[in-house]
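Biologist: Hi! Could you walk me through this one before I head back to the bench?
Modeller: Happy to, let's pull it up.

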Amino acid sequence: MRKKSFMLILGVVTLVAAICAAATAFFVVKEKQKKDDEELMEYLDNSIE
């Protein structure tokens, strides 16, 4: 019984860590994409002038 409880707790902790890692990666990629879009718009605005 004790081993099952330990495995359950370990599984929950692992799941939470995986969700946090995925969320962090998602927000980092979105932020980079936003920055790249802003740089592209700035470049296009300057190239038109």
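Biologist: Let me start with a side chain: is Phe26 buried, partly exposed or exposed?
Modeller: This is a predicted model, and in it Phe26 has a relative accessible area of 47%. That is partly exposed, because the class runs from 20% up to 50%.

Biologist: And what about Phe27, buried or exposed?
Modeller: Phe27 counts as exposed, because its relative accessibility is 55% and the cut-off for exposed is over 50%.

Biologist: How many aromatic pairs are there in the whole structure?
Modeller: A search of the whole structure turns up one. Phe26 and Phe27 make that pair, in an edge-to-face arrangement with 5.4 Å centre to centre and 70 degrees between the planes.

Biologist: Okay, zooming out. What secondary structure does the protein have?
Modeller: One helix and zero strands. The helix is H1, residues 2-48, and the C-alpha atoms fill a box of roughly 75 × 5 × 5 Å along the principal axes.

Biologist: What share of the residues counts as buried?
Modeller: 0% of the 49 residues. The protein exposes about 4,900 Å², with 70% of that supplied by carbon and sulfur atoms.

Biologist: Switching to charge, how many positive and negative side chains are there?
Modeller: There are 7 positive and 8 negative ones, and the centres of the two sets lie 29 Å apart.

Biologist: Which residues form the negative surface patch?
Modeller: Glu31, Asp37, Glu38, Glu39, Glu42 and Asp45. Asp37, for one, sits in helix H1 and is partly exposed at 42% relative accessibility.

Technical notes
Residues numbered from 1 in each chain as written. Predicted model: local features only at pLDDT ≥ 70, side-chain atom pairs only at ≥ 80, totals over all residues. Heavy atoms only, no water. Patch = residues over 30% accessible without salt bridge, like charges linked within 9 Å, V, L, I, M, F, W, Y side chains within 5 Å. Areas by Shrake-Rupley, 256 points an atom, 1.4 Å probe, with all protein chains shown as cover. Salt bridge = Lys/Arg side-chain N within 4 Å of Asp/Glu carboxyl O. Lys, Arg positive; Asp, Glu negative; His and termini not counted. Charge placed at Lys NZ, Arg CZ, Asp CG, Glu CD. Helix = DSSP H or I, 4+ residues; strand = E, 2+ residues; numbered from the N terminus. Buried < 20%, exposed > 50% of the residue type's maximum accessible area, 1.4 Å probe, protein only. Phe/Tyr/Trp six-rings, centres within 6.5 Å; stacked < 30°, edge-to-face > 60°.
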